[in-house]
Amino acid sequence: MSIKTAHLEGPVADRDSWTADRCSLERAMRAVGSRSAMLLMREALYGTRRFDDFARRVGVTEAVTASRLRELVKVGVLERQPYQEPGKRTRHEYVLTAMGRDLLPVAMALIQWGDRYLADPAGPPLLFTHHECGAPLRASVTCDLGHEVPLGKVGIAFPPDGPGPSPVAASSEHGRVAIDPAEDRDR
């Protein structure tokens, strides 16, 4: 049986010589990785803008909605903009930034994965299509030349002009750099 995983190339192949403490996936999960944050982003991608609508559609308390929306604004994926209905006080709505719109492929990949492995027997609840031609949408991993790349063909290496992951530092436990648990609320 052949195991299909990414190919670690060059110095990256020596997994014991570096740590993933600067991992972009970890940073992204810290930014938008909670269930409520991703569901709020789903709603923002669907066009929701008002606080009450977010809370109602996601089904979380107003306190959780307020906290997560503050976090998403702080991260930069949403922006608060004032609005005022006639005869009412000024309130704020939440609109996607370019950074927030760039989460569409992430959301689509998670939806596609959920549709494939976790959908009800009746099938997926929604169909996502290209509005102009009607073709179904799907997330995929492609190279800059447009080739679809399966996991077994993915190469991983240090960037040629960047620092890459940190080298392993000596510590008292297994020769690894200790991670401060206060940095990650999910630990």
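**Group meeting: helix 6, helix 2 and the salt bridges**

I'll start at the surface, where Trp 113, Tyr 117 and Leu 118 form a nonpolar patch with about 390 Å² of accessible area together. Before going on, please keep in mind that this is a predicted model.

One member of that patch, Tyr 117, belongs to helix 6, which covers residues 104-117. Helix 6 is 14 residues in length, and from its first C-alpha to its last it reaches 20 Å. That is close to the 20 Å expected at 1.5 Å a residue.

Which residues of helix 6 are buried? They are Ala 107, Met 108 and Gly 114. Looking down the axis of helix 6, these buried residues fall within an arc of 130°, so they line one face of the helix. On the other side of helix 6, Arg 116 and Tyr 117 are exposed. So for Tyr 117 we have two statements: the residue is part of the nonpolar surface patch, and the residue is on the exposed side of helix 6.

What do the buried residues of helix 6 pack against? The partner is helix 2, residues 35-46. That takes me to helix 2.

One residue of helix 2 is Ala 44. Is Ala 44 buried or exposed? With a relative accessible area of 6%, Ala 44 counts as buried, because the cut-off for buried is under 20%. Leaving aside residues up to four places away in sequence, Ala 44 touches Phe 54, Leu 78 and Leu 96. Take Leu 78 from that list: Ala 44 and Leu 78 are 34 residues apart in sequence, while their C-alpha atoms are 8.4 Å apart in space.

Next, the charged side chains. Side chains of opposite charge can pair when their charged atoms come close. How many salt bridges does the structure hold? The count is 9. I will go through some of them.

The first on my list is Arg 42 with Glu 43, where the closest N and O atoms are 2.9 Å apart. Arg 42 is partly exposed, at a relative accessible area of 26%. Glu 43 is buried, at 1%.

Next, in helix 3, residues 51-58, we have Asp 53 and Arg 56. Their side chains meet in a salt bridge of 3.3 Å, N to O. Why are these two separated by about one helical turn? Because they are 3 residues apart in helix 3. Asp 53 counts as partly exposed at 28% relative accessibility, and Arg 56 counts as exposed at 57%.

Then there is Glu 148 with Arg 138, a salt bridge of 2.9 Å, N to O. Both residues lie in the loop between helix 6 and strand 5, and they are 10 residues apart. Strand 5 is residues 155-156. Glu 148 is partly exposed, with a relative accessible area of 49%. Arg 138 is exposed, at 54%.

Last, a group rather than a pair. Which residues are linked in a network of salt bridges? They are Arg 49, Arg 50, Glu 85 and Glu 93.

To recap: helix 6 has its buried residues along one face, and those residues pack against helix 2. Within helix 2, Ala 44 is in contact with Phe 54, Leu 78 and Leu 96. The structure holds 9 salt bridges, and Arg 49, Arg 50, Glu 85 and Glu 93 are joined in a network of them. That is what I have for today.

Definitions and conventions:
Residues numbered from 1 in each chain as written. Predicted model: local features only at pLDDT ≥ 70, side-chain atom pairs only at ≥ 80, totals over all residues. Heavy atoms only, no water. Patch = residues over 30% accessible without salt bridge, like charges linked within 9 Å, V, L, I, M, F, W, Y side chains within 5 Å. Areas by Shrake-Rupley, 256 points an atom, 1.4 Å probe, with all protein chains shown as cover. Salt bridge = Lys/Arg side-chain N within 4 Å of Asp/Glu carboxyl O. Helix = DSSP H or I, 4+ residues; strand = E, 2+ residues; numbered from the N terminus. Expected span 1.5 Å × (residues − 1). Buried < 20%, exposed > 50% of the residue type's maximum accessible area, 1.4 Å probe, protein only. Arc of directions from axis to C-beta. Contact = heavy atoms within 4.5 Å.
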